[in-house]
Amino acid sequence: MADLLLQFIKRNRDQIIVAVIATSVGGAGMAAIGTLLQDRDPRWLLAAVGFLICVVVSSSVLIQARLIHRASIRIRDVVVHEFGHPWRETQYHQRAKHFVEEKRRLAEVLVEQELPTLVRGLAATHPNAEIYLILDSGSTITPVFRPLVRAGIGLEDDDHLNIQVYTNNLAGIEELQKLDQPGGRVLQPDQFTLIGGHPLDRYRATTGDETEQFLDALWQRQTAHGANIVTVGVLTANWLLYWHDHITLCARGRGHPEFKRSVAGGSQHLILIAPLGKILSLSSVDRLNAMMMDAGEAARWSGDQRRYEAIEIPREKTDRAILLTSRRPRHSLSPLHSLSNRLFGEKEGKDNFDLSEFCPEYEPYGSNQEVFNIELPHIWTRDLHTELFC
């Protein structure tokens with residue numbers, strides 16, 4: 001009993017001290033008021049009452065301030081645990097704020113429609129094959145992990161398919177670790193493999209020689225087992241260039257382009273996923289680099305990492321590369337509506353990719369200026385939007 005009392009006093013020490021002081025001062029004030037009532041001097045009586053009220057209010061404010069401070073500390077601890085310290089905000093976290101609703105919608109379509117359709121066909125043609133799903137890093141792919149674990153690939157017979165997921169996406173694996181209902185998962189932790197390598201903070205990814213060696217071993221295993229292994233790569237990019245019905249991926253950063261190039265070349269089936277605002281109407285990566293240099297956007301990078309590299313889709317994948325993006329309504333307020341009309345105007349005859357049949361319609365909500373800012377979160381793309389998206 002004494003221990004419980006001592007713990008109570010320690011937890012509520014500040015409030016107890018304030019309460020004791022307030023009680024003492026209040027008692028003294030009441031005694032003073034009694035004396036003044038005998039003297040019947042209204043001025044002293046008002047002063048005493050006012051002083052007593054101030055003491056009570058101040059004590060209450062101090063107690064509330066202390067409680068609010070403690071609550072704010074708890075809330076801050078939760079926020080820091082979930083998102084990290086605000087003063088350590090990285091470029092990844094900045095990018096994660098862009099196209100938030102659109103990325104979430106694309107992730108849902110990928111898990112609920114695109115992957116089930118593709119894998120259903122693979123299961124029919126390769127009934128006993130292992131399916132290797134390779135997920136890229138980046139804030140566009142990260143929202144895929146939670147729905148993927150909870151829904152699998154959207155088929156009722158998920159448990160009869162041998163699916164293995166390989167990824168270098170540190171943020172995506174972190175999303176899996178936040179799930180608190182392991183019993184509600186379709187895909188289990190042992191079906192996920194985090195590819196090793198050096199951590200790349202800008203993209204919350206692993207890259208480098210070890211990462212590439214792992215992928216090389218995966219391609220060798222695929223070749224050795226023939227039809228018993230089918231690989232599906234899901235890639236995004238910093239930017240995608242769309243020119244004369246041809247798609248080129250652009251990436252920069254240590255080991256970042258190499259990972260995408262390996263997955264693009266080694267995967268038997270390829271899904272490209274990106275918000276529409278990441279697709280630029282440019283003819284070459286050299287033009288993109290020149291625009292970035294002129295806009296001063298490359299100043300934060302050093303050496304060769306300032307320049308984007310082009311990742312081409314191998315020609316043999318022309319009929320197996322699918323682009324999943326969003327489209328804008330015909331009378332959209334979006335500055336991307338011209339690009340959308342051109343991209344979706346002719347669904348046939350794309351040079352090195354096919355549009356997904358499940359590309360969702362998306363329209364940001366807000367005024368003209370609000371929509372403009374949502375669709376073009378980068379200042380340099382706002383300044384050059386007529387060249388980039390028309």
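This tour moves through a predicted model of a protein, from the whole chain to a central strand, a tryptophan and the nonpolar core.

**The whole protein**

Begin with every residue displayed and coloured by secondary structure. The protein comes to 14 helices and 13 strands. Of its 390 residues, 45% count as buried. The accessible surface is about 20,400 Å², and carbon and sulfur atoms account for 56% of that area. Among contacts between residues at least 6 apart in sequence, 79% join residues at least 24 apart.

**Strand S9**

Next, select residues 269–273, which form strand S9. Is this strand enclosed or open to the outside? Since 5 of its 5 residues are buried, S9 is largely enclosed by the rest of the structure. Now show the side chains. His269, Ile271 and Ile273 point one way from the strand, while Leu270 and Leu272 point the other way. This pattern can be compared with a general rule: in a regular strand, side chains alternate between the two faces of the sheet.

**The partners of S9**

Keep S9 in view and add residues 229–235, strand S6. S6 and S9 pair in the parallel sense over 4 bridges. To find one point of pairing, select Leu235, whose bridge partner in S9 is Leu272. Then add residues 321–324, strand S12, which runs parallel to S9 and is joined to it by 4 bridges. Here, Ile271 stands opposite Ile322 of S12.

**Trp243**

Move to Trp243, which lies in strand S7, residues 239–243. Is Trp243 buried or partly exposed? Its relative accessibility is 39%, so Trp243 counts as partly exposed. Leaving out residues up to four places away in sequence, Trp243 touches Ser281, Leu282 and Ser283. Select Ile279 as well: Trp243 and Ile279 are 36 residues apart in sequence, and their C-alpha atoms are 10.0 Å apart in space.

**The largest nonpolar core**

Finally, turn to the largest nonpolar core, which has 83 residues. Which members touch the most other members? They are Leu148, Ile247, Leu249, Leu280, Leu288, Leu323 and Leu343. Helix H5, residues 100–125, gives the most to this core, with 9 residues.

End by centring the view on Leu343. Apart from neighbours within four places in sequence, Leu343 is in contact with Tyr242, Leu276, Ile279, Leu323, Thr325, Lys350, Phe353 and Leu355. One of these contacts, Ile279, was also selected beside Trp243 in the previous step.

Terms used
Residues numbered from 1 in each chain as written. Predicted model: local features only at pLDDT ≥ 70, side-chain atom pairs only at ≥ 80, totals over all residues. Heavy atoms only, no water. Buried < 20%, exposed > 50% of the residue type's maximum accessible area, 1.4 Å probe, protein only. Helix = DSSP H or I, 4+ residues; strand = E, 2+ residues; numbered from the N terminus. Pairing = 2+ DSSP bridges. Contact = heavy atoms within 4.5 Å. Core = buried A, V, L, I, M, F, W, Y, C linked by side-chain atoms within 4.5 Å. Areas by Shrake-Rupley, 256 points an atom, 1.4 Å probe, with all protein chains shown as cover.
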